[in-house]
Amino acid sequence: MRSRSCRPPNAVACGSAADALPGAPPHLGVGDGLNLPGRARTRRRRSVPAALLLLIALLIQGCDRSNSSGSGTRPLVVGFSQVGAESAWRTAETQSIKEEAAKRGATLKFADAQQKLANQIKAVRSFIVQNVDVIVIAPVVETGWEAVLTEAKEAGIPVVLVDRGIEVRDDALFATLIASDFVEEGRMAAGWLAERTAGKARIVELQGTTGSAPAIDRQRGFAEGIANHPGLKIIKTQSADFTRAKGKEVMEAFLKAAGDEIDAVYAHNDDMAIGAIQAIEEAGLRPGEDILLVSIDAVRDAFVAMVAGKLNATVECNPLMGPILFDTIEQIRAGAAVPKFIQNQDELFDQSVAAELIDSRKY
Ligand code: GYE
């Protein structure tokens, strides 16, 4: 099944990824395995050598570490395989997860896959060897996960997916997916464009990373959204890998090939839209006026571009996953049932609200 598109009836909608879930278990503290009162007592009993006591303490901690099913008293160890650092959104997500791990005294083993599935698989295998408590993956693409997730399952290590879903036959291979509904984001972008252009525009599409859940679903959602508007036509579509540099490069090629025909750009993320804005300006046209732009993420630079009148609208995709991720991990470790899909709620912002909201944006 395609986990990213599943909408089980028990899906939890989160008003904001920054909201903590109520009733989460108390956080674990660093050094809980070697607490001070115990050591103070040993000093009073002078007959027991300090080195022996230290050895016993380390052994106790070692036994506790091997118990990965309960929440225990030792600090939580999480392995996180991140896609890379291709966009401002991605950087914000990484920062949120690192900050939350530090806040809760958890050890985060972070691996940057540089956009490669092979690197992610290697990282997950290394987390299994290190016997981490939980493995968190932001999967670069949807397919290719069966074997390594089966290995994690056999090792008894729960896997939590963040921000992108995967396609696996057995969805018991992961505990939950925390993400936005990318199809809906595409529909929202299409709805805005249909309204703004009264249903008439020749559109070029900048797609995200080929084979990734957000690229597949944002394309699908947008196509669905324009289906009832025969005057809205996609005249060119190509991947620009979610980066600014490629967004600019692909837009330059579109402008060269289609010249005056382009009325609007639909970009699967803000970074590619910002790259396209540069290409449009360099071609002597006015982004936001001669060519309309709508994209997804709602990062700070998108608000800057909207205030400047160069980007017309952006659909939010909240990257601040840290708090909800660690709440969910604590629930899994406490043995509580968690929904298979925990959905972030997104909304669309356009130029009319950009100046008013820019200072309150958190990423
Ligand atoms: O929209 C884009 C990124 O997976 C939701 O990946 C994420 C997407 C995000 O690089 O900017």
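Start with helices α8 and α9: the two are oblique to each other, because angles that are neither roughly parallel, roughly antiparallel nor roughly perpendicular count as oblique. This is a predicted model.

**Stop 1: α8 against α9**

Select residues 244-258 for α8. Add residues 270-282 for α9. The α8 and α9 axes are 7 Å apart and pack at an angle of about 45°. The crossing of α8 past α9 is right-handed. Now show side chains at the contact. On α8, pick R244, A245, K246, G247, K248, M251, E252 and L255. On α9, pick D271, M272, A273, I274, G275, A276, Q278, A279 and I280. Colour this α8-α9 contact by class: nine residues are nonpolar, three polar and five charged.

**Stop 2: α9 against α10**

Keep α9 and add α10, residues 300-307. Here the axes come within 9 Å and cross at roughly 40°. That angle makes α9 oblique to α10. The crossing of α9 past α10 is left-handed. Which residues make the contact? D270, I274 and I277 come from α9, and D301, A302 and A305 from α10. By class, the α9-α10 contact has four nonpolar and two charged residues, with no polar ones.

Note I274: this α9 residue is listed in the contact with α8 and also in the contact with α10.

**Stop 3: from α9 down to the sheet**

Stay on α9 and bring up the strands. α9 lies across β7, β9, β10 and β11 (313-316). Relative to β10, α9 runs at about 155°.

**Stop 4: the whole sheet**

Show the six strands in the order β8-β7-β9-β10-β11-β13. They form an open sheet with mixed pairing. Which strands stand at the edges? β8 and β13 (348-350) do; each has a single partner strand, so one side of each is left without a neighbour in the sheet. From one strand to the next, the twist averages 20°.

**Stop 5: β7, α7 and β8**

Select β7 (residues 201-207) and β8 (residues 232-239). Seven bridges pair these strands in the parallel sense. To check the register, pick V204, whose bridge partner in β8 is K236. Then add helix α7, residues 213-226. β7, α7 and β8 together make a right-handed β-α-β unit.

**Stop 6: β9 and β10**

Finish with β9 (residues 264-267) and β10 (residues 292-297). The two strands run parallel and are joined by three bridges. Pick V265 and look across to β10, where L293 is its bridge partner.

Notes: Residues are numbered from 1 along each chain as its sequence is written. This is a predicted model: local features need pLDDT of at least 70, side-chain atom pairs count only at pLDDT 80 or more; totals for chains, interfaces and linings use all residues. Axes are lines fitted to C-alpha atoms, for helices over the stretch in contact, and angles run from 0 to 180 degrees between N-to-C directions. Helices (H or I, at least four residues) and strands (E, at least two) are DSSP runs, numbered from the N terminus. Angles under 35 degrees count as roughly parallel, over 145 as roughly antiparallel, 65 to 115 as roughly perpendicular and the rest as oblique. A crossing is left-handed if the near helix is turned anticlockwise from the far one by less than a right angle, and right-handed if clockwise. Two residues are in contact if their C-beta atoms, placed from the backbone, lie within 7 Å. Ala, Val, Leu, Ile, Met, Phe, Trp, Tyr, Cys and Pro count as nonpolar, Asp, Glu, Lys and Arg as charged, and the others, Gly among them, as polar. Two strands pair if DSSP finds at least two bridges between them. A crossover is right-handed if, with the strands pointing away from the viewer, the path from the first strand over the helix to the second runs clockwise.
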